[in-house]
Amino acid sequence: MPARPLVLYPDPRLHRAAGPVTASGEGVRALAADVLDTLGAVSAMGLTAIHIGRPERVVVIRLQPDEPHAVYVDPVLVWASPERAAHPEGSVSMPGVVEPVERPARVRVRYRDLDGAEHEEEAEGLRAACLQHEIDQLDGIFWIDRLSRLRRERVLKRFAKLRTQQARAGS
């Protein structure tokens with residue numbers, strides 16, 4: 001499958017919650033393949049169906065290019081540790097800006113696989129941060145919404161400056 005075009009900030013779809021996956025069998029496999037192909041094309045660690053314009057709860061994660069990918073269908077955060085950790089975050093929908101985001105250090109996620117079987121997975125470190133980031137996106141919470149107002153304003157200014165520079169370079 002070819003990579004799909006990305007939904008870019010400030011598109012309002014990035015702040016809308018995704019619905020449950022309605023497709024099954026080959027339909028959900030095709031959607032997951034589209035997300036995976038796009039993830040590889042944009043060199044991301046995680047991507048949701050929302051990022052390619054499909055408001056369904058599908059996440060694909062691959063933290064390293066040489067590791068296998070993981071597909072999460074209808075993932076839900078069911079537990080989060082009280083301990084917190086900060087990791088640099090950004091989004092393919094807002095390229096060029098990154099900022100540390102503090103989140104629970106460990107989480108447990110319930111999801112279905114591509115065959116419809118239910119699973120629970122505990123994660124910590126970068127995988128936990130990535131799962132929380134992508135599940136937030138499915139819930140209509142864009143990553144900058146987790147920043148303080150001051151830090152969010154700074155990120156938005158940096159992003160606007162990058163877009164202006166790119167527009168000038170392109171003309």
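Is Arg-163 buried, exposed or partly exposed? The legends below address this residue and other parts of the predicted model.

**Figure 1. Surroundings of Arg-163 in helix α3.** Arg-163 lies within helix α3, which covers residues 149-170. Its relative accessibility is 43%, so Arg-163 counts as partly exposed; that class lies between the limits of 20% for buried and 50% for exposed residues. Leaving out residues up to four places away in sequence, Arg-163 touches Tyr-9 and Pro-10. Gly-27 is separated from Arg-163 by 136 residues in sequence, and the C-alpha atoms of the two are 36 Å apart in space.

**Figure 2. Surroundings of His-87 in strand β4.** Strand β4 runs through residues 84-91 and includes His-87. With a relative accessibility of 19%, His-87 counts as buried, because the limit for that class is under 20%. When neighbours within four places in sequence are set aside, the contacts of His-87 are Glu-99, Pro-100, Val-101, Gly-125, Leu-126 and Ala-129. Gly-125, Leu-126 and Ala-129, which are among these contacts, fall within the residue range 125-138 of helix α2.

**Figure 3. Helix α2 and the glycine that follows.** Helix α2 comprises 14 residues, 125-138. From the first C-alpha to the last, α2 reaches 20 Å, close to the 20 Å expected at 1.5 Å a residue. The helix is mostly covered, with 11 of its 14 residues buried. Among the buried residues are Ala-128, Ala-129, Cys-130 and Leu-131, together with the charged residues Glu-134 and Asp-136. Ala-129 of this buried set is also a contact of His-87. After α2 comes Gly-140, which has a positive phi, near 85 degrees.

**Figure 4. The chain as the setting for the close-up views.** Three helices and seven strands make up the secondary structure of the chain. Their order along the sequence is α-β-β-β-β-β-β-β-α-α. The radius of gyration is 16 Å, close to the 16 Å given by the globule rule for 171 residues, so the chain is as compact as a globular protein of that length. Along the principal axes, the C-alpha atoms fill a box of roughly 50 × 40 × 30 Å. Buried residues account for 42% of the 171 in the chain. Of the contacts between residues at least 6 apart in sequence, 63% join residues at least 24 apart.

**Figure 5. Surface and charges of the chain.** The accessible surface comes to about 8,900 Å², and carbon and sulfur atoms contribute 52% of that area. The chain carries 24 positive and 24 negative charges, whose mean positions are 9 Å apart.

How values were computed:
Residues are numbered from 1 along each chain as its sequence is written. This is a predicted model: local features need pLDDT of at least 70, side-chain atom pairs count only at pLDDT 80 or more; totals for chains, interfaces and linings use all residues. Side-chain values use heavy atoms; hydrogens and water are left out. Helices (H or I, at least four residues) and strands (E, at least two) are DSSP runs, numbered from the N terminus. The radius of gyration is taken over C-alpha atoms; the globule rule is 2.2 Å times the number of residues to the power 0.38. Buried means under 20% relative accessible area, exposed over 50%, partly exposed in between (1.4 Å probe, protein chains only). Contact means heavy atoms within 4.5 Å. Accessible areas come from the Shrake-Rupley method with a 1.4 Å probe; for residues, only the protein chains shown count as cover. The place of a charge is taken as NZ of Lys, CZ of Arg, CG of Asp or CD of Glu. The expected span of a helix is 1.5 Å times one less than its number of residues.
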